[in-house]
Structure formats: structure tokens, C-alpha cells
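Q: Got a minute to go through this model with me? I'd like the overall picture, then a few local details.

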Amino acid sequence: MMTGTQQPEKRIASCRCGAVTLELTGPPIVAATCYCASCQAAGAAFDALPGAPGTLGGDGGTPYVLMRKDRMVWLSGTGELDEHRLKPDSPTRRFVARCCNAPVALEFTKGHWLSVYSAHLAEAERPAAEMRTMVKERPAGVELADDALNYDGHSGRFMWRLLKAWAAMGFRAPPVEAMQGYGR
């Protein structure tokens with residue numbers, strides 16, 4: 001969405017203490033909440049860190065805003081980031097700010113998007129989740145509201161949005177250069 005002065009929409013994501021900041025330009029690909037087992041496992045590990053902000057919602061989901069990799073820039077604090085992978089060979093890496101134990105973003109390294117943890121956007125800049133994905137893996141007993149679309153897996157709508165964003169990027173998947181010394 002463009003503002004009245006035709007400037008691209010911008011959002012700033014930051015860790016809890018503000019040492020790590022990330023600028024996001026343009027509209028998100030999608031705002032979603034994920035309930036996959038990997039997001040739940042990572043969220044539980046992050047939430048157990050000393051002083052860490054909560055990652056998982058009360059229903060076990062992890063709210064994200066998916067952004068094109070070519071529309072994000074690390075502004076500060078990249079030296080404060082650690083990489084977290086659930087398995088050494090996992091194509092998914094999460095960026096965690098060691099200064100305050102806050103997970104900031106998740107990257108599927110083979111993809112063209114970066115998933116930014118919604119809680120690290122200013123509340124006024126945080127879009128509401130349009131959908132919930134992987135709800136078949138949500139914790140037992142969790143009932144979901146009907147305020148967003150609920151999908152057992154990654155829906156056609158979700159995949160279509162990713163494909164449209166990738167096409168708009170010329171079918172490129174630029175690397176996310178956030179941390180010195182970490183290979184891809």
C-alpha cells in the first residue's frame with residue numbers, strides 16, 4: 001500500500017531491548033499464525049530462555065508477517081544475532097537477538113521470504129493474522145476462533161501469495177546476510 005505521498009509502506013521490527021532492528025518495506029506477503037510442530041518446538045525453547053519475551057501465543061501458535069527478502073534491511077544489531085536451527089541440516093534458521101533472548105525472524109533459506117515474528121513490530125504496524133496454517137498440529141484441546149481462515153496445512157491461498165511474490169521478484173531468492181561467519 002502506498003501512502004498519500006506515494007512513499008512505500010515501511011515497518012520496523014526490533015528485538016525487545018531495541019539493539020537489533022530490521023526495516024521492512026512494502027506490504028507483507030501474508031500475515032499468518034503457524035501451528036506446525038517445528039514452530040511450537042522452537043517457540044518453547046525460546047520462551048524458556050532467561051528474560052525472553054513470549055514467542056508462542058496462548059493457543060500454541062506463532063504469529064508471523066511474511067516479507068519478501070528483497071524488501072528487508074537489517075538496520076542495527078546484526079552482531080547480536082545468533083542462528084537457531086532445530087537440526088543442523090535444517091533449511092530453516094531462526095535469528096535470535098542474544099542481547100535480550102528475543103527471536104526476531106525465521107528464514108527458510110531456500111525461499112524468497114523472511115518470516116518476521118509479529119510481536120516484534122510496533123502494535124500500530126502489526127497486521128492482524130489473515131490465516132492460521134498447520135492447524136492440524138495445534139496443541140490438543142485448542143479451539144480456534146473464526147476470526148481468520150484456518151487451514152490444516154499450507155493452503156492454496158498461502159502458496160499462491162508466495163508464488164505471486166516470487167514472480168514479482170523475478171523468481172530470485174536473495175540471501176539474507178544478517179550474521180557474519182554463518183554459511184548458507
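A: Here is a quick walk through the fold, a helix and its packing, a surface patch and two backbone details.

A: This is a predicted model, so to speak of local features pLDDT of at least 70 is needed, side-chain atom pairs count only at pLDDT 80 or more, and totals for chains, interfaces and linings use all residues. Residues are numbered from 1 along each chain as its sequence is written, and side-chain values use heavy atoms, with hydrogens and water left out.

Q: What does the secondary structure of the chain come to?
A: Two helices and eleven strands. These are DSSP runs numbered from the N terminus: helices are H or I with at least four residues, strands are E with at least two. The pattern along the sequence is β-β-β-α-β-β-β-β-β-β-β-β-α.

Q: What about the radius of gyration?
A: The chain has 16 Å, which agrees with the value near 16 Å for a compact globule of 184 residues. The radius is taken over C-alpha atoms, and the globule rule is 2.2 Å times the number of residues to the power 0.38. The C-alpha box is roughly 45 × 40 × 35 Å along the principal axes.

Q: How much of the chain is buried?
A: 44% of the 184 residues. Buried means under 20% relative accessible area, exposed over 50%, partly exposed in between (1.4 Å probe, protein chains only).

Q: Which residues are buried in H1?
A: Cys 39, Gln 40, Ala 42, Gly 43 and Phe 46, in a helix that covers residues 37–47.

Q: And what do they pack against?
A: Strands E3 (30–34), E4 (62–68), E6 (81–84), E7 (92–97), E8 (102–108) and E9 (113–117). Contact here means heavy atoms within 4.5 Å.

Q: Switching to the surface. Which residues make the nonpolar patch?
A: Trp 160, Leu 163, Trp 166 and Phe 171, over about 430 Å². Trp 160 lies in helix H2, residues 156–168. Phe 171 is in the segment after H2.

Q: Is Phe 171 buried or exposed?
A: Phe 171 counts as partly exposed, because its relative accessibility is 48%. Its phi is near 55 degrees, a positive value in a residue other than glycine.

Q: What's the phi of Asn 101?
A: Near 55 degrees, and Asn 101 is likewise not a glycine.

Q: Where is Asn 101?
A: In the loop between E7 and E8. Asn 101 counts as buried, because its relative accessibility is 18%.

Definitions and conventions. Patches are made of residues with over 30% relative accessible area and no salt bridge: like charges are joined within 9 Å, nonpolar side chains (Val, Leu, Ile, Met, Phe, Trp, Tyr) within 5 Å. Accessible areas come from the Shrake-Rupley method with a 1.4 Å probe; for residues, only the protein chains shown count as cover. A salt bridge is a side-chain nitrogen of Lys or Arg within 4 Å of a carboxyl oxygen of Asp or Glu.
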